[in-house]
Amino acid sequence: MPTISAVALPDHLDEHGLRDKVAVVIDVLRATTTIAHALASGATCVVPVASIDGARMIAHDRPGSLLCGERGGVKPEGFTLGNSPLEYTPELIHARDIVLTTTNGTRALQMCSGAAEIYTGSITNLSALCGLLRVQQRDIVLVCSGTDRMVSLEDCIAAGLIAQRLQTTHAADDSAMLMRHAAEGAIDRCGSLEAAIASSFHAKRLVDLGFSDDVRGAACIGACSCVPHFDPATGEIRPASLPNASHA
Ligand code: MLT
C-alpha cells in the first residue's frame with residue numbers, strides 16, 4: 001500500500017524525501033483555494049511566483065496576463081487582483097494567465113519542485129483531489145504552507161481530512177495521523193468544520209481585513225472540482241485531467 005505523510009511547514013521538507021512522491025501543497029487561506037477557483041472559473045493557467053518583483057517581471061513578459069496576489073493579505077500597489085477567490089470571476093479571468101504571488105502559498109509550491117508530481121489541495125477541492133490521489137496509488141507528502149513560517153491550523157485540518165479520506169488506500173505514518181487527529185479534534189471541539197477553520201489565527205486576521213466571506217467559503221467541501229497541477233518545468237499550474245468518478 002502506498003504511504004501518506006505530512007509536514008506542518010514547507011521548511012520541514014527533506015528535499016530528497018520528495019523524489020518519486022506526489023506533493024500536495026495546501027494553503028487553505030487562501031492561495032490554494034484561490035488557485036483552484038481561478039482555474040475552475042476559466043483562467044488558462046496560474047503562474048506561481050515567490051516575489052513581488054519576480055511577478056511584475058513575469059506578468060510584463062506575458063502579454064494579456066493578470067498580475068495578482070497579496071502581501072499581508074492585501075493587494076499590492078499596481079496589481080489587478082488580490083488573493084480573494086471571489087475576485088476571480090469568469091468575466092475577469094476567462095482565458096487569461098494569472099501571475100500570482102502570495103506570502104506563503106506560492107513559496108511552498110516552489111519548495112516542492114523536486115517532487116514527482118505537484119498538486120494543490122484545499123478544502124473546496126478535497127473530494128476531487130482525493131478521488132485523483134486514490135486512483136494514482138502513489139506515495140504522498142502533504143505540505144502545509146503555514147502562515148509567515150508558523151504552523152496554520154486550517155492547513156493542518158485540510159491535511160488531516162485528506163489523510164482521513166485516503167485511509168483505505170494509503171498507509172498513514174505518524175505525521176499524517178497527527179494531522180488527522182488534529183482535524184477530527186478541532187472539528188469536534190469547535191462543532192463544525194467551518195467553525196474550526198474560523199478559529200484559526202489567519203482566519204481571524206482575514207476577518208479583521210474584511211474577508212469573512214473568504215473564510216466561510218474556504219470551508220465548503222465540494223465547492224470546486226478542479227485539481228490544480230503544477231509543472232515546475234513550465235512554471236504553470238493547470239487543471240489536472242481527472243479520472244472518471246474521481247469526485248468521491
Ligand atoms: C498566503 O499565501 O500567504 C496566503 O494565501 C495569504 C492570504 O490569505 O492572502
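Student: Which backbone nitrogen lies 2.7 Å from a polar atom of the side chain of threonine 32?

Tutor: This is a predicted model. Threonine 32 is found in helix α1, residues 31-40. Among the residues that threonine 32 touches, not counting those up to four places away in sequence, are Val25, Ile26 and Asp27. The backbone nitrogen at 2.7 Å from a polar atom of the threonine 32 side chain is that of aspartate 27.

Student: Is threonine 32 buried or exposed?

Tutor: The contacts of threonine 32 also include Thr120, Gly121 and Ser122. Buried means under 20% relative accessible area. Threonine 32 has 1% relative accessibility, so it counts as buried.

Student: Where is lysine 75 found, and is it buried, partly exposed or exposed?

Tutor: Lysine 75 is found in the loop between β4 (66-69) and α3 (90-93). Leaving out residues up to four places away in sequence, lysine 75 touches Gly69, Thr80, Leu81 and Gly82. The range between 20% and 50% relative accessible area is called partly exposed. With a relative accessible area of 40%, lysine 75 is therefore partly exposed.

Student: What separation is there between the C-alpha atoms of lysine 75 and glutamate 184?

Tutor: Along the chain, lysine 75 and glutamate 184 are 109 residues apart. In space, their C-alpha atoms are separated by 34 Å.

Student: How does the reach of helix α7 compare with the span expected at 1.5 Å a residue?

Tutor: Helix α7 covers residues 174-190, which is 17 residues. The expected span is 24 Å. From its first C-alpha to its last, α7 is close to that value, reaching 24 Å.

Student: Why are the buried residues of α7 said to be on the same side?

Tutor: The buried residues in α7 are Ala176, Met179, Arg180, Ala183 and Ala186. They are on the same side of α7 because the arc they cover around the axis is only 140°.

Student: Which elements do the buried residues of α7 pack against, and which exposed residues are on the face turned away?

Tutor: The buried residues of α7 pack against β1 (3-7), β7 (140-144), α6 (153-165), β8 (171-172) and α8 (193-198). The face turned away from the buried side carries the exposed residues Asp174, Leu178, Asp188 and Arg189.

Student: Which residue takes a positive phi just after α7?

Tutor: Helix α7 runs over residues 174-190. Just after α7, a positive phi of about 100° is taken by glycine 191.

Student: Which residue lies over the face of phenylalanine 211?

Tutor: A search of the whole structure for aromatic pairs finds 0. Over the face of phenylalanine 211, at 4.3 Å from the ring centre, lies arginine 30.

Methods. Residues numbered from 1 in each chain as written. Predicted model: local features only at pLDDT ≥ 70, side-chain atom pairs only at ≥ 80, totals over all residues. Heavy atoms only, no water. Helix = DSSP H or I, 4+ residues; strand = E, 2+ residues; numbered from the N terminus. Expected span 1.5 Å × (residues − 1). Buried < 20%, exposed > 50% of the residue type's maximum accessible area, 1.4 Å probe, protein only. Arc of directions from axis to C-beta. Contact = heavy atoms within 4.5 Å. Phe/Tyr/Trp six-rings, centres within 6.5 Å; stacked < 30°, edge-to-face > 60°. Lys NZ or Arg CZ within 6 Å of the ring centre and 35° of its normal. Polar contact = N/O pair within 3.5 Å; in protein donor to acceptor, adjacent residues only side chain to side chain.
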